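User: I would like to learn how to read charged pairs and unusual backbone angles in a protein model. Could you take me through them step by step?

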Amino acid sequence: MSVEQIITDKLSQAFTPLHLEVINESNRHHVPPNSETHFKVVVVSDKFSEQRLLARHRLVNQALADELANGVHALSINVYTEAEWQALDEVPKTPNCKG
């Protein structure tokens, strides 16, 4: 199973998201072709209600602890409640790799 699919499955199980995107951004970095080392996740879940941003990030990091310890080098986390998601114009873009 791909790392992208594992991340998708774990986030789906942990947060029962209303919206979930797992984007492999490894190709934007200086890594071998077909790498799975840099990801961006967008998670919209009611489980983030009354959670501050740092607590939300900690929950995502906790859900993906094994992947972060074993090959995932970078994780861009974008987490929202349903109301925040509906009010959002667009998800912040990931900056270009400087390495």
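Analyst: Let us begin with one side chain in this predicted model: Arg-56 has a relative accessibility of 7%, and because buried means under 20%, Arg-56 counts as buried.

User: Which residue does the side chain of Arg-56 meet in a salt bridge?

Analyst: The general idea is that side chains of opposite charge can pair when their charged atoms come close. In this structure the side chain of Arg-56 meets that of Glu-84 in a salt bridge, with 2.7 Å from N to O. Glu-84 lies in helix α4 (residues 82-87) and Arg-56 in helix α2, so the pair ties together parts that are 28 residues apart in sequence. Glu-84 itself, at 34% relative accessibility, counts as partly exposed.

User: How many salt bridges does the count come to?

Analyst: The count comes to four salt bridges, and the pair of Glu-84 and Arg-56 is one of the salt bridges.

User: Which residues are linked in a network of salt bridges?

Analyst: The network links Lys-10, Asp-66 and Glu-67, and it is best read one pair at a time. Lys-10 forms a salt bridge with Asp-66, where the closest N and O atoms are 3.8 Å apart. That pair links distant parts of the chain, since Lys-10 is in helix α1 and Asp-66 is in helix α3 (residues 65-69), 56 residues apart. The side chain of Lys-10 also meets that of Glu-67 in a salt bridge, at 2.9 Å from N to O. Here Lys-10 lies in helix α1 and Glu-67 in helix α3, so this pair ties together parts that are 57 residues apart in sequence.

User: Is Glu-67 buried or exposed?

Analyst: Glu-67 counts as buried, with a relative accessibility of 11%, whereas Lys-10, at 25%, counts as partly exposed.

User: Now for the backbone: which residue has a positive phi of about 40° although it is not a glycine?

Analyst: That residue is Thr-16, and to read such a case we can look at where the residue sits and how accessible it is. Thr-16 has its place in the loop between α1 (3-15) and β1 (19-24), and with a relative accessible area of 55% Thr-16 is exposed.

User: Where is Glu-50 found, and what is its phi near?

Analyst: Glu-50 is found in the loop between β2 (38-44) and α2 (53-63). Its phi is near 60°, a positive value in a residue other than glycine. Because exposed means over 50%, Glu-50, at 86% relative accessibility, counts as exposed.

Notes
Residues are numbered from 1 along each chain as its sequence is written. This is a predicted model: local features need pLDDT of at least 70, side-chain atom pairs count only at pLDDT 80 or more; totals for chains, interfaces and linings use all residues. Side-chain values use heavy atoms; hydrogens and water are left out. Helices (H or I, at least four residues) and strands (E, at least two) are DSSP runs, numbered from the N terminus. Buried means under 20% relative accessible area, exposed over 50%, partly exposed in between (1.4 Å probe, protein chains only).
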